Amino acid sequence: MYGPQQESAPRPAAPKKITVPNVVSSKGQQPLVMLTAYDASSARIVDQAGVDLILVGDSLGMVVLGYEDTLKVTLDDMIRHSAAVRRTGPRALLVVDMPYLSYHTGARDAVLAGGRLVREGGAEAVKLEGGRKRLPVISALLDAEIPVMGHLGLTPQSLNAMGGYRVQGRAMAEIDTLVADARALCDAGIFALVLEGVPSDVAAMISSQVSVPTIGIGAGVGCDGQVLVYHDLLGLFDGPAPKFVKTYATLGKQAVAAVSAFAEEVRARAFPTPKQSYRLPRDVGDALARRN
Ligand code: KIV
C-alpha cells in the first residue's frame, strides 16, 4: 500500500461533467443535490463536495450584497457572480437565476438577458419564477437554445404580490393552480422545477405527476432533489433561519472566534511571530546592525 506507485497505474477517471440531459434522465433515480454558490471560493467548495447542480441564486442579493430581498439584484450582478463561478470550471451543471425585471417585460428582453447570462456569465441553464403567465418567455428562451428551470410555490420575486414570504398551496384552489402551472411549464419544455415553500404532500403529488425532476426547498422529502442556500447550510447567515433550513455547520461562529483571536494577538503584539516574518540574509543583517 505504501510502496512506490507503479508507473503504469491508471489514473482515476475525472468525474464526468453534468449536463441538462443528465438532470432530466435522473428522474426516478438518485435524488439530485443542488446548492447555491456565488463566487469562486464557494463554487470550489460546493463542486468538490460533489453536488449535481450549482445555482447562482438571486438570493445573493441578501447573503452577499446585503439587501433585504432579491428585488434589487440586477442582471449585471448575476453575470458578475456567475462568471466567477464559471471560471472555476465546475463539474456540476451551472444554473443561474434570471433576476427581477429581466424577463417580466417580455420574451425579447428575456432572451437578451438569458443570452447575456450564457455568453458573459457562462450559465448552462437559467431559472425563472412563475407559472403559466411565463409560458411565452419560456418558449422564447428555449427557442434561443437556453435551457430553463422553473420555480413555483413561494417565489421570492413576488414578495410584494404574495404579501410576504408565505407557504403556498395550502388551500384547494391554490393546489389546483400549482398543479396546473407545473404541468404547463413541463409541457412547455422546462428541464427541472424548483418547488419552494409548499406542503410536503402537495410537492410529492406534483413530483409524481410531472416528467421532469422537481427540486424542493421547504417542500418535503417527496421531491426528486433538494436545494439549500450555501450560507444557510454552513451557518454563515446571521438572523432567524426559515423552518426548512438545516444548518450542517456553524462556520459563522467559528469565523467570528478566529477573527477575534487575530485581533487579540495583534493588540498584544503576539502576532506575527518570527515564523510569519521574513529575515534578512545574515551579512546584510550584520551590515545594517553596524550602520545603526
Ligand atoms: O435564489 C435562490 O437561492 C433560490 C433558491 C432558494 C432555490 O432561488
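**Barrel, ligand site and selected loops of a predicted model**

Strand β7 (residues 214-217) runs parallel to strand β8 (residues 225-228), and the two are paired over 2 bridges, where pairing requires that DSSP find at least two bridges between the strands. Helices (H or I, at least four residues) and strands (E, at least two) are taken as DSSP runs and numbered from the N terminus. The structure is a predicted model, in which local features need a pLDDT of at least 70 and side-chain atom pairs count only at pLDDT 80 or more, whereas totals for chains, interfaces and linings use all residues. Residues are numbered from 1 along each chain as its sequence is written, and side-chain values use heavy atoms, with hydrogens and water left out.

Within the β7-β8 pair, Gly-216 stands opposite Gln-226 of β8, and Ile-215 has Gly-225 of β8 as its bridge partner. Strand β8 also pairs in the parallel sense with strand β1 (residues 32-36), in this case over 4 bridges, and there Gln-226 is the bridge partner of Val-33. Gln-226 thus appears opposite Gly-216 and as the partner of Val-33. These pairings belong to a barrel into which 8 strands close, in the order β1-β2-β3-β4-β5-β6-β7-β8 and with parallel pairing. On average, neighbouring strands of this sheet are turned by 25 degrees against each other when direction is ignored. Helix α8 (residues 172-188) packs on the sheet, where it touches β5 (148-153) and β6 (192-196), and its direction makes about 175 degrees with that of β5. Contact here means heavy atoms within 4.5 Å, and the axes are lines fitted to C-alpha atoms, for helices over the stretch in contact, with angles from 0 to 180 degrees between N-to-C directions.

The ligand is surrounded by Thr-36, Leu-55, Gly-57, Asp-58, Ser-59, Asp-97, Lys-127, His-151, Ile-217 and Val-229, a residue being included if one of its heavy atoms lies within 4 Å. Oxygen atoms of the ligand were compared with the polar side-chain atoms of three of these residues. A distance of 2.5 Å separates a polar side-chain atom of Ser-59 from a ligand oxygen, while a side-chain N or O atom of Asp-58 lies 3.0 Å from an oxygen atom of the ligand, and the corresponding value for the side chain of Asp-97 is 3.1 Å. The ligand taken alone exposes 260 Å², of which the protein buries 95%; accessible areas come from the Shrake-Rupley method with a 1.4 Å probe, and for residues only the protein chains shown count as cover.

Ser-59 is also joined to Tyr-38 by a polar contact of 2.7 Å between their side chains; such a contact is a pair of N or O atoms within 3.5 Å, of which, within protein, one must be able to donate a hydrogen and the other to accept it, and residues adjacent in sequence count only if both atoms are side-chain atoms. Tyr-38 lies in the loop between β1 and α2 (40-48), and it counts as buried because its relative accessibility is 1%, the classes being buried under 20% relative accessible area, exposed over 50% and partly exposed in between (1.4 Å probe, protein chains only). Beyond four places in sequence, the contacts of Tyr-38 include Gly-57, Ser-59, Val-229 and His-81. His-81 is found in helix α4 (residues 75-86) and is likewise buried, at a relative accessible area of 15%. Apart from residues up to four places away in sequence, His-81 touches Tyr-38, Val-56, Leu-60, Val-64 and Leu-65.

Several loops show less common backbone geometry. Most residues other than glycine have a negative phi, and most peptide bonds are trans. Leu-101, in the loop between β3 (93-97) and α5 (107-119), has a positive phi near 75 degrees. Glu-145, which is found in the loop between α6 (135-143) and β5, likewise has a positive phi, of about 65 degrees, and this residue is exposed at 66% relative accessibility. A cis peptide bond, with omega of about 0 degrees, joins Phe-271 and Pro-272, and Pro-272 lies in the loop between α11 (251-267) and α12 (282-291).

Phe-271 is, together with Ala-270, touched by Glu-265 when residues up to four places away in sequence are not counted. Glu-265 is placed in helix α11 and is partly exposed, with a relative accessible area of 38%. The C-alpha atoms of Glu-265 and Asp-97 are separated by 42 Å, at 168 residues apart along the chain, and those of Tyr-38 and Ala-270 by 35 Å, at 232 residues apart in sequence.
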